[in-house]
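This report covers one protein chain, with attention to its charged pairs, a surface patch and a sheet. The sequence and structure come next.

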Amino acid sequence: MDEEIYDEFGHLIGGENDSLASSSESEIENISGEKSEEESDVASHNENESPQQNNQQLVPTFEKVYGNEVEVLIEQEDAQDINVPLVQPEIVKSVKIEETDLPSTTYSKDYLAQLSQIPERVINLAFVGNLHSGKTSCIDMFVEDTHDYVNQEAHSSKNYKPQRYTDTYKLEIERQTSIKSTPITILGTNLAGQSSVLNIIDTPGHIEFLDELAVSLRAVDNAVIVLDCLEGLTIGTELAIENCLKTGTNMILMVNKFDRLILELKLPIQDAYFKLRHVIEQVNLFIKESPYLTKNYKSKRLSPDLGNVCFSSTTFNTCFTLYSFAELYVQTRQLPVHPAELSKRLWGDVFYDPETRKFSKKGKDRSFIKFILEPIYKLVSITITKTPEDLTLSLAKLNITDISKKSLQLDSQILLKIIFKKFFGKPLHAFTSLLNKSAVSPVESTETKFSSIYYGPHISCDSARPLVAVITKLLDASQGTSFLGLCRVVSGTLERGSQITVIGEGFSESYDEDSVTVPVSALFIPGGRYQIPVSKVSAGNICLLSSNESFDNFISRQVVIYDSSNPEKFNVEPIDYILTPVLKVALQPMNLSETPKFLTGLRKIKKSFPGSQIKVEESGEHVVIGSGEFYMDCLLHDLRYLYTDIEIKVSDPVTKFMESCIESSKVRIPVESSNGKNSISIIAEPLEPEIAKDMESGRIDVQYRQSNLKYERFISRWFKEYGWDSLAANSIWSLGPGSHDTNILIDDTLPDEVDKKALKGLQDSVVQGFKWAAREGPLCDEPISNTKFKIIEASLASSPLDANGGQIIPMVRKACYLALMIATPKLMEPVYQIDILCRSDVVGKLEKLLDKRRGTILHDTPIGGTPLYRVVGMVPVIDSFGLETDIRVMTQGLATCLLHFARWDTVPGDPLDEHAFIPQLKPAPFNSLARDFVTKTRRRKGIGQDPSLTKYLDESVVMELKESGVI
């Protein structure tokens with residue numbers, strides 16, 4: 001091919017394309033000729049402009065093309081794969097499982113909303129108990145009774161897993177355990193056909209999530225104690241009962257999983273009765289011996305014959321009481337007796353003589369065994385052992401004839417559920433009848449429980465009165481971007497669209513800035529995995545409240561709601577979150593530019609996990625404190641994937657410490673203010689252990705609520721009971737810094753030596769200095785505990801300008817530090833109580849494992865009627881990391897353990913010993929642990945020099961004290 005006849009683009013020279021090109025060029029020349037005059041004018045106009053300016057006008061800038069809000073990046077090569085879109089699609093998070101449409105129920109939702117306006121027909125209750133005691137499964141039974149769609153394929157397969165309808169968070173479903181409290185409202189019908197609104201809150205059973213239990217009990221009037229009858233009374237159940245006694249919550253006992261006595265342990269019928277009786281007596285004995293029992297024991301006693309105990313089994317899909325069984329006998333046998341009279345004779349040492357057909361206190365056959373356990377055992381026996389044909393004949397004698405042949409061919413595990421439900425009826429009927437007899441209504445609870453924690457005047461459960469409501473916690477919305485308030489309407493009516501004033505825990509008559517006014521955007525009746533929108537909620541009910549962004553940002557803990565037009569606003573008592581958070585980790589974002597997202601996530605964590613604490617150390621690091629490893633794991637999961645969606649750097653876990661003393665201050669040293677015109681002398685003494693224990697447990701607050709005395713008068717009388725004289729008891733200025741902290745400030749000055757009037761006038765500043773010192777001690781900025789601070793001398797300036805808060809507060813703080821440093825200071829560490837459920841052959845291995853971690857076993861006791869042992873021990877928190885995993889690995893999963901904070905123990909060694917031997921990269925010796933912990937804690941917090949008296953005194957004074965043997 002001759003390449004010369006083609007141009008560079010492959011076109012034929014002189015061909016059709018070339019002629020088109022020449023014609024286009026001539027057209028361009030004509031056009032350019034027409035515009036030559038115009039261009040000459042423009043050229044003459046711009047002849048004074050430089051070429052650079054001319055180019056800037058001809059080439060537009062990025063800001064002009066895209067706008068100032070668009071960031072333009074010029075890349076030399078592709079920064080991402082071609083399959084990755086340049087603009088990422090918006091990802092909608094779904095942190096909860098929710099129904100898209102309202103499910104079909106056996107009742108009208110409008111009727112449910114209307115009936116809730118009658119407080120006498122409303123029952124508020126929380127299901128509480130130990131881990132895996134069956135709380136969520138029991139609620140599933142009631143959901144199946146009231147929701148049609150749940151029953152479609154509920155029991156068609158042997159491998160059917162429980163619905164766990166109140167486990168709405170995806171993390172709960174992945175880990176098969178409840179993490180957050182979930183409310184659900186259903187309509188319950190009793191055996192007589194009367195309906196009641198049941199506001200139920202399902203609480204986590206894991207012992208590290210007791211803060212969820214605490215906020216739930218604040219919102220309800222009754223607590224259903226769910227007890228695994230095989231395991232008996234466990235530590236989780238004990239703590240739940242104690243908190244019910246503290247808060248004045250009515251208790252109802254549910255003895256769950258009685259099927260395990262028959263199918264697992266295969267106990268004889270007599271032994272099964274005594275096992276059930278034993279676990280109920282265990283609970284009553286614990287209540288009777290509890291220090292929080294403020295009323296007569298008889299009013300708190302739990303017994304089946306009193307109508308406040310029921311028996312349930314999710315394996316058998318049944319729930320019954322003595323009354324429901326008596327009702328069954330009266331209806332099927334046409335007995336001429338009232339069910340209530342028959343039920344009184346079905347428990348305890350009551351025997352039945354079949355020959356005379358009479359009940360007596362002596363005999364052979366106990367009535368509970370004869371009338372209740374024998375039918376259950378026979379029903380289980382014929383279901384498991386008989387063929388479908390024989391089973392049909394046997395069931396016909398019990399008037400059970402509507403079971404299909406296909407159902408009779410099912411596995412016995414599923415067939416038992418069907419037969420028991422046909423025999424006993426719906427479990428919810430018996431449970432609702434129990435609640436109607438033993439539960440406390442909102443009207444009664446408002447008069448007793450809420451009136452004792454409300455700081456205002458008398459309050460009553462009346463929808464016509466002014467609005468008073470309490471939000472105990474915040475629940476995540478479905479996408480995790482906003483919150484819904486779990487609200488208990490105590491008085492008045494909460495309406496959608498109304499303006500409400502929300503006050504925080506810091507609100508008081510003297511400080512009214514802790515409040516915000518917001519609109520009520522929406523109100524919902526909770527349904528577990530769905531929500532029913534309503535226009536108003538009456539007094540005595542529990543609902544979910546939604547508002548604007550100001551509402552979400554304001555609430556972090558419990559708040560009180562009033563109508564915005566109400567001028568009188570009073571607060572309520574803060575919630576006791578039961579467990580002390582002692583495990584802490586330091587956090588920071590991997591990319592420091594994402595710090596604003598990180599801080600926003602921390603604020604949301606504080607709202608979602610009410611028992612956690614978030615602090616900022618002097619080094620600038622953010623520290624999150626929780627109750628245990630599982631708690632912190634869930635918290636960090638939500639922080640990473642739910643609230644921030646960023647990478648977060650997490651430090652190794654450490655623990656909180658406490659600072660205290662074991663002796664009284666050896667010398668009295670005055671401390672001057674910065675202007676040198678004020679001085680004060682304070683000494684430190686260890687607090688009596690029994691007083692410290694009662695203060696830390698909150699017993700003092702419980703007794704104060706039961707009394708009608710003023711706080712100062714009550715405190716004086718309370719300390720006199722421990723042997724304090726009247727002068728010392730009346731001279732108590734402050735407890736603190738918190739309500740459960742174990743420090744006391746006492747004015748021990750004499751009127752002849754000190755101007756008591758001037759000192760009393762500065763009491764607030766002195767108390768602030770004392771609380772500041774108690775929050776951050778001198779050893780390593782950890783709180784002080786178990787210490788009495790006594791003011792011995794005080795010299796104050798006569799001028800208010802010289803004796804103001806700026807002078808007094810730092811002076812008192814320094815005086816408290818000095819008093820503690822010369823009183824043989826000690827470092828205290830938190831200690832876990834570990835409860836292990838295992839077999840007897842594992843106990844010896846556990847003892848060796850705990851010994852390696854400075855732990856010990858206190859006692860091990862067998863669980864009656866089972867091959868299990870309950871082992872109770874102690875282990876320091878700082879040595880407990882990974883202990884639960886080690887126990888499971890060592891026992892091959894045959895042991896389960898729960899750890900919770902129990903007490904503070906003194907760390908071995910002297911924290912001020914400068915000569916203590918601390919090897920590098922090795923564990924510190926036993927007697928150097930205190931110095932090792934103090935040094936490492938100060939280094940981690942960014943505190944400078946080691947703790948020493950020279951920081952508060954001159955070196956010459958310190959040398960004199962050492963020479964005289966004082967220190």
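## A salt bridge between distant segments

Glu621 and Arg940 form a salt bridge in which the closest N and O atoms are 3.8 Å apart. The two residues come from distant parts of the chain, 319 residues apart: Glu621 sits in the loop between β21 (613-616) and β22 (622-626), while Arg940 belongs to helix α33 (residues 929-941). The model is a predicted one, and the distances and areas in this report are computed from it.

The partners fall into separate burial classes. Glu621 has 19% relative accessibility and counts as buried, because the cut-off for that class is under 20%. Arg940, at 25% relative accessibility, counts as partly exposed.

Helix α33 also holds Asp932. This residue is buried, with 6% relative accessibility. Once residues up to four places away in sequence are set aside, Asp932 touches Ile918 and Ala924.

## Chain overview

The protein chain has 967 residues, and 52% of them count as buried. Its secondary structure consists of 34 helices and 34 strands. Taken along the principal axes, the C-alpha atoms fill a box of roughly 130 × 95 × 65 Å.

Among contacts in the chain with a separation of 6 or more, 72% are between residues 24 or more positions apart. The exposed area of the chain is about 47000 Å², of which carbon and sulfur atoms supply 49%.

## Other salt bridges

How many salt bridges does a search of the whole structure find? The search finds 37. One of them joins Arg175 to Asp633, with the closest N and O atoms 2.7 Å apart. This pair also links distant parts of the chain: Arg175 is in helix α7 (residues 170-175) and Asp633 in helix α23 (residues 629-644), with their positions 458 residues apart. Arg175 is partly exposed at 30% relative accessibility, and Asp633 is likewise partly exposed, with a relative accessible area of 36%.

A further salt bridge is formed by Asp221 and Arg488, whose closest N and O atoms are 2.9 Å apart. Asp221 lies in the loop between α8 (210-219) and β4, and Arg488 lies in strand β11 (residues 483-491), so this pair ties together parts that are 267 residues apart in sequence. Are these two residues buried or exposed? Asp221 is buried, with a relative accessible area of 2%. Arg488 is buried as well, at 1% relative accessibility.

## Asp228 and its network

Salt bridges can also share partners. What do they join in the case of Asp228? Asp228, Lys257, Arg260 and Glu264 are joined into one network by salt bridges with shared partners.

Asp228 is found in strand β4 (residues 222-228). The residue has 4% relative accessibility and therefore counts as buried. The side chains of Asp228 and Arg260 are joined by a polar contact of 2.7 Å. Apart from neighbours within four places in sequence, Asp228 is in contact with His132, Ser133, Asn256, Lys257 and Arg260. Two residues in that contact list, Lys257 and Arg260, are also members of the salt-bridge network.

## A nonpolar surface patch

Which residues form a nonpolar patch on the surface? They are Phe62, Val65, Tyr66, Val70, Val72 and Ile74, and together they have about 580 Å² of accessible area.

Ile74, one of the patch members, is located in the loop between α4 (62-66) and α5 (109-115). Its relative accessibility is 66%, and because the exposed class begins over 50%, Ile74 counts as exposed.

## A five-stranded sheet

Five strands make up an open sheet with mixed pairing, in the order β26-β27-β30-β29-β28. Strands β26 (671-672) and β28 (732-735) are at the edges, each pairing on one side only.

In which sense do β28 and β29 pair? β28 and strand β29 (residues 743-747) are antiparallel, and three bridges connect them. Within this pairing, Ser734 has Leu745 in β29 as its bridge partner. Strands of a sheet pair through backbone hydrogen bonds, in either a parallel or an antiparallel arrangement.

Technical notes. Residues are numbered from 1 along each chain as its sequence is written. This is a predicted model: local features need pLDDT of at least 70, side-chain atom pairs count only at pLDDT 80 or more; totals for chains, interfaces and linings use all residues. Side-chain values use heavy atoms; hydrogens and water are left out. Helices (H or I, at least four residues) and strands (E, at least two) are DSSP runs, numbered from the N terminus. Buried means under 20% relative accessible area, exposed over 50%, partly exposed in between (1.4 Å probe, protein chains only). A polar contact is a pair of N or O atoms within 3.5 Å; within protein, one must be able to donate a hydrogen and the other to accept it, and residues adjacent in sequence count only if both atoms are side-chain atoms. Contact means heavy atoms within 4.5 Å. Patches are made of residues with over 30% relative accessible area and no salt bridge: like charges are joined within 9 Å, nonpolar side chains (Val, Leu, Ile, Met, Phe, Trp, Tyr) within 5 Å. Accessible areas come from the Shrake-Rupley method with a 1.4 Å probe; for residues, only the protein chains shown count as cover. A salt bridge is a side-chain nitrogen of Lys or Arg within 4 Å of a carboxyl oxygen of Asp or Glu. Two strands pair if DSSP finds at least two bridges between them.
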